[in-house]
Amino acid sequence: MDDYRSIKNFFVPGQVRGWEREDLYKLARRLETRLISSLPGMPTSVGKLASKISNSLKRLESGGAAHGIVENIDKVLQQLKDMPQDHIYRELLLSADIIFCTLASAGGLLLRMTSRIDDLIVDEAAAATEPELCIPLHLQPSRLLCVGDPKQLPATLLSRKAVDLGLSKSLQERLMYDCKQQHIMLDVQYRMNPQISSFPSRCFYEDKIQNGENVSSAIYESGPLLMQGRPYAALHVEGVEEQGVGGSYRNEAEARVVVDLIDQLRTRAGSNNPHWHSTDHVRIITFYQAQVGLLKRLLRDRGLGDKIVVATVDSSQGCEADTVIVSFVRSPNTKNAGNEMIRHTAGFLTDDRRMNVALTRAKYQLVCVGNIHGMVRMEGAVTLQELSANAREREVIQTWPLGSRTSNINGKAIHDKLDLFYGECDNRKRPSKKMRW
């Protein structure tokens, strides 16, 4: 109806013209095709009027007169206006081969108008609660296919009672692990440089993830990049974590290092790449909302405003960027007042599914910023201990500021320090040789 009004306005003096003269016929033909083919229940009178309008505009294009165009448009608009919307929706649903909708809208009044469906395919099924996924079952599908990754973040449940009752487990997980239903694991990844995918594949997927031909290619790279262009780097920062009034944590030392890295990225991009800061190119991910707020404030101080995407891990699931900087925030002190090694909890960092999401968003470069050496003392955080050990063995750890004496990861000081950390850990918390590869 809006498009027909645009055509009509072309012929009404004083009206804003939304289309050029040469485009009128193409638009009318497209409208005619949509009205006739997309809605089988459309009255034949509407199709005939649409055809008359198209033919008149074709003659007009050839130098003919604009006879009856506005009159016929008024007739079409009136007939479309008189049609009940429910009738239109019902026709669309009944004539559709495929229906796209959310789980919630599958239970709405509109979807109840459709007939029984053959196949129900649920994307991101592992991130949906079981009651949510049950909503479209009223359509009585013959088959159900759940597509999702149970190794990544599930749905967010705010109710502790709901969690205790088992509602945090998705139907996909229940079918795969509890009911032992047949399932297929997709084992080829097409996003991450192999150096980035190496640790997540070993740690979360039993080393079964293979790299696609595109990411294995020597030309799979993008610029500008940080840290001498290394696809995977761990930047050690001995910052101090602070807990705010709301309970969320932040780490100013880490935040300032991250902003410095973004400044370097801006300098490297120069004027050759004005879109270097787009969501496709760079993303900062952190585990705490307080750190998000701090990073955004520091970026504004550098004149970067809201150009850079700064997000929590939870809001980054499903996203990707050329360069991803992860700020871990939590940072244990080396010793207490009594000069003794202390333990430290890791909070969100103990959640492997959250860690998996954070480490798998980057395409060409992943920079992990945090107390890399102190991770080995994070209580209950086995994955963090593995991450630290893996970074050490792969010789990707650098210390901020870059170029400082301790930034040489082959130096005896760092190795002795890490060995001390491992030695002071309780044997039950210390990574085994198998875990440390």
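A surface patch here is made of residues with over 30% relative accessible area and no salt bridge, and nonpolar side chains are joined within 5 Å. Keep that in mind for the first stop. One caution before we go: this is a predicted model.

So, the patch. Which residues form the nonpolar patch on the surface? Tyr89, Leu92 and Leu110. Together they have about 240 Å² of accessible area. Take Tyr89. You will find Tyr89 in helix 5, residues 85-95. Its relative accessible area is 33%, so Tyr89 is partly exposed. That value passes the patch cut-off, because the cut-off is over 30%.

Next, the backbone. Most residues other than glycine have a negative phi. Now look at Glu124. Glu124 is not a glycine, yet its phi is positive, about 50°. Where does Glu124 lie? In the loop between strand 1 (119-123) and helix 6 (130-134). Glu124 is partly exposed, at 40% relative accessibility.

On to Asp207. Asp207 also has a positive phi, near 60°. Its place is the loop between helix 9 (194-204) and strand 4 (210-211). Asp207 counts as partly exposed, with a relative accessible area of 46%.

Last, the inside. How many cavities of 30 Å³ or more does the structure hold? The count is 3. The largest has a volume of about 80 Å³. Its lining includes Ser222, Gly223 and Pro224. Also in the lining are Leu265, Asn273, Trp276, His281 and Val282. Asp322 and Thr323 complete the list. By type, that lining divides into 4 nonpolar residues, 5 polar and 1 charged. The charged one is Asp322, because Asp counts as charged.

Key:
Residues are numbered from 1 along each chain as its sequence is written. This is a predicted model: local features need pLDDT of at least 70, side-chain atom pairs count only at pLDDT 80 or more; totals for chains, interfaces and linings use all residues. Side-chain values use heavy atoms; hydrogens and water are left out. On a 1 Å grid over the protein atoms alone, a cavity is a set of points where a 1.4 Å probe fits but cannot get out, and a pocket is an open set with protein on both sides within 12 Å along at least five of seven lines; lining residues have an atom within 4 Å of a point. Grid points are joined across faces, edges and corners, and a volume is the space filled by probe spheres set on the points. Patches are made of residues with over 30% relative accessible area and no salt bridge: like charges are joined within 9 Å, nonpolar side chains (Val, Leu, Ile, Met, Phe, Trp, Tyr) within 5 Å. Accessible areas come from the Shrake-Rupley method with a 1.4 Å probe; for residues, only the protein chains shown count as cover. A salt bridge is a side-chain nitrogen of Lys or Arg within 4 Å of a carboxyl oxygen of Asp or Glu. Helices (H or I, at least four residues) and strands (E, at least two) are DSSP runs, numbered from the N terminus. Buried means under 20% relative accessible area, exposed over 50%, partly exposed in between (1.4 Å probe, protein chains only).
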